[in-house]
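Here is a short report for a reader new to this structure. Please look over the sequence and the model before reading on.

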Amino acid sequence: LSYCNLLYGRANGTYPDNNGGAIYCDNSNININNSIISNNSATGAGGAICLFNGSTLDISSSVINNNTASEGGAIFSYNPMYVYSYPILSGVTIHNNSAVNNGGAIYSNNYVYTLISNCTIVGNVSDVSNPYSGGGIYAAWYGNTDIDSSIFWNNQPYSIWVENYAGVNVDYSDVEGGWYGPNNIDANPLFADAANGDFNLTWTDYPVDNATKSPCIDSGNPYYTDPDGTIKDIGSHYFYQGSGTTPPANVVIEIDNGFITINWSGSRTDDYKVYSSDNPYTGFTEDLTGTYDGTSW
């Protein structure tokens, strides 16, 4: 699945129909990139994605948000004895998902080996009356979860919970409440606007290295670099430190009665040019009204 929106799926009824609000996999593999999986629900497991019986997920550069389930608000993965699965998450933003029981964002149980890199897992909630339920990740019964250069923030009741012979290894990550490892931090990521789903890292006084710089900037795994050539940032959104104009992100186009409004995330001190065409297959021309200072046109 590439460049897809999976929205408002409903999984209910009896097993297995009550699992996987958007996607249900049984002994199968799925690749997802540049997609949004949002506002789905399951009365069983996996509000967005349910993986059973050795199913493997490879998801990158995507958003999973506002999904609900009994367990695994965003992603649920479970295997029978001695069946293994290897989910991979890279550059994924998982926010505002919820589970009635365990795993507000991710539920991983029984021989599941998960790799999470450069992800932002924020504002997910599981059973707040049970501190062992894991708002961000619930991992149990063997298997292992490796986390690198990722953010776990404002998940309730805890970001990570591991039990029953499972393992969670965290490195170069920002985990609220802290986590074992010399390269991890516990500091406010300084998101642009988390309440409205904007998890870009901020640095108000860039390039002055002071308290306005997100602690997640240049704090990721130093073996890798961001596209601007600097040390890898933590999380799914990196802060552009190159010269010239900051590339716009989170572009939203609204059309109302023939009027077009474009809003984006970027530096309010940069100048942007808007180009338009009435034919997407021919050349675009610069808008006659010229250059725009700010993040709206």
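How many bridges join β15 to β18, and in which sense do the two strands run? Four bridges join them, and the strands run parallel. The model is predicted, and the values below are computed from it.

**Strand β15 and its partners**

β15 spans residues 106-109. On its other pairing, with β11 (75-78), the sense is also parallel, again over four bridges. β18 covers residues 137-140. Asn-109 is a useful landmark here. Asn-109 of β15 stands opposite Tyr-78. Asn-109 also stands opposite Ala-140 in β18.

Is β15 covered on one face or on both? Both faces are covered. Ile-106 and Ser-108 sit on one side, Tyr-107 and Asn-109 on the other, and all four are buried.

**Two cavities**

A search of the whole structure finds two cavities of 30 Å³ or more. β15 supplies at least two lining residues to the largest cavity. β15 does so for the second largest cavity as well.

The largest cavity has a volume of about 40 Å³. Its lining consists of Ile-75, Ser-77, Pro-87, Leu-89, Ile-106, Tyr-107 and Thr-114. β11 joins β15 in supplying at least two of these residues. By class, the lining holds five nonpolar residues, two polar and no charged.

The second largest cavity has a volume of about 30 Å³. Among its lining residues are Ser-108, Asn-109, Asn-110 and Val-112. Ala-139, Ala-140, Tyr-142 and Gly-143 are also included. β18 and β19 (144-148) each give at least two residues to this lining, as β15 does. Here the division is five nonpolar, seven polar and no charged.

**A pocket around β21**

The second largest pocket has a volume of about 170 Å³. Which strand gives the largest share of its lining? That strand is β21, with three residues. β21 spans residues 160-163. The lining includes Ile-160, Trp-161 and Val-162. Trp-179, Tyr-180 and Glu-176 are also among the lining residues. Seven residues of this lining are nonpolar, three are polar and one is charged.

**Aromatic residues**

The structure holds 20 aromatic pairs. One of them joins Tyr-82 and Tyr-111: the ring centres are 5.5 Å apart and the planes lie at 40°, so the pair is tilted. This pair links distant parts of the chain. Tyr-82 lies in the loop between β11 and β12 (88-90), Tyr-111 in the loop between β15 and β16 (113-117), 29 residues apart. Are the two partners buried or exposed? Tyr-82 is exposed, with a relative accessible area of 57%. Tyr-111 is buried, at 8%.

A further pair is made by Tyr-142 and Tyr-165. Their ring centres are 5.6 Å apart and their planes lie at 10°, so this pair is stacked. Tyr-142 lies in the loop between β18 and β19, and Tyr-165 in the loop between β21 and β22 (167-171), so the pair ties together parts 23 residues apart in sequence. Tyr-142 is partly exposed, with a relative accessibility of 35%. Tyr-165 is exposed, at 64%.

Both pairs belong to one aromatic cluster, which includes Tyr-82, Tyr-111, Tyr-142 and Tyr-165. Tyr-84, Tyr-86, Tyr-113 and Trp-141 are also members of this cluster. Tyr-142 has a second role, as a lining residue of the second largest cavity.

**Salt bridges**

How many salt bridges does the whole structure hold? The search finds two. The table gives the partners and the N to O distances.

| Lysine | Aspartate | N to O distance |
|---|---|---|
| Lys-213 | Asp-218 | 3.6 Å |
| Lys-232 | Asp-226 | 3.8 Å |

In the bridge between Lys-213 and Asp-218, the lysine counts as buried, with a relative accessibility of 17%. Asp-218 is partly exposed, at 25%. In the other bridge, Lys-232 counts as buried at 17%. Its partner Asp-226 also counts as buried, at 5%.

Note on methods: Residues are numbered from 1 along each chain as its sequence is written. This is a predicted model: local features need pLDDT of at least 70, side-chain atom pairs count only at pLDDT 80 or more; totals for chains, interfaces and linings use all residues. Side-chain values use heavy atoms; hydrogens and water are left out. On a 1 Å grid over the protein atoms alone, a cavity is a set of points where a 1.4 Å probe fits but cannot get out, and a pocket is an open set with protein on both sides within 12 Å along at least five of seven lines; lining residues have an atom within 4 Å of a point. Grid points are joined across faces, edges and corners, and a volume is the space filled by probe spheres set on the points. Ala, Val, Leu, Ile, Met, Phe, Trp, Tyr, Cys and Pro count as nonpolar, Asp, Glu, Lys and Arg as charged, and the others, Gly among them, as polar. A salt bridge is a side-chain nitrogen of Lys or Arg within 4 Å of a carboxyl oxygen of Asp or Glu. Buried means under 20% relative accessible area, exposed over 50%, partly exposed in between (1.4 Å probe, protein chains only). Two strands pair if DSSP finds at least two bridges between them. Rings of Phe, Tyr and Trp (its six-membered ring) pair if their centres lie within 6.5 Å; planes under 30 degrees apart count as stacked, over 60 as edge-to-face and the rest as tilted.
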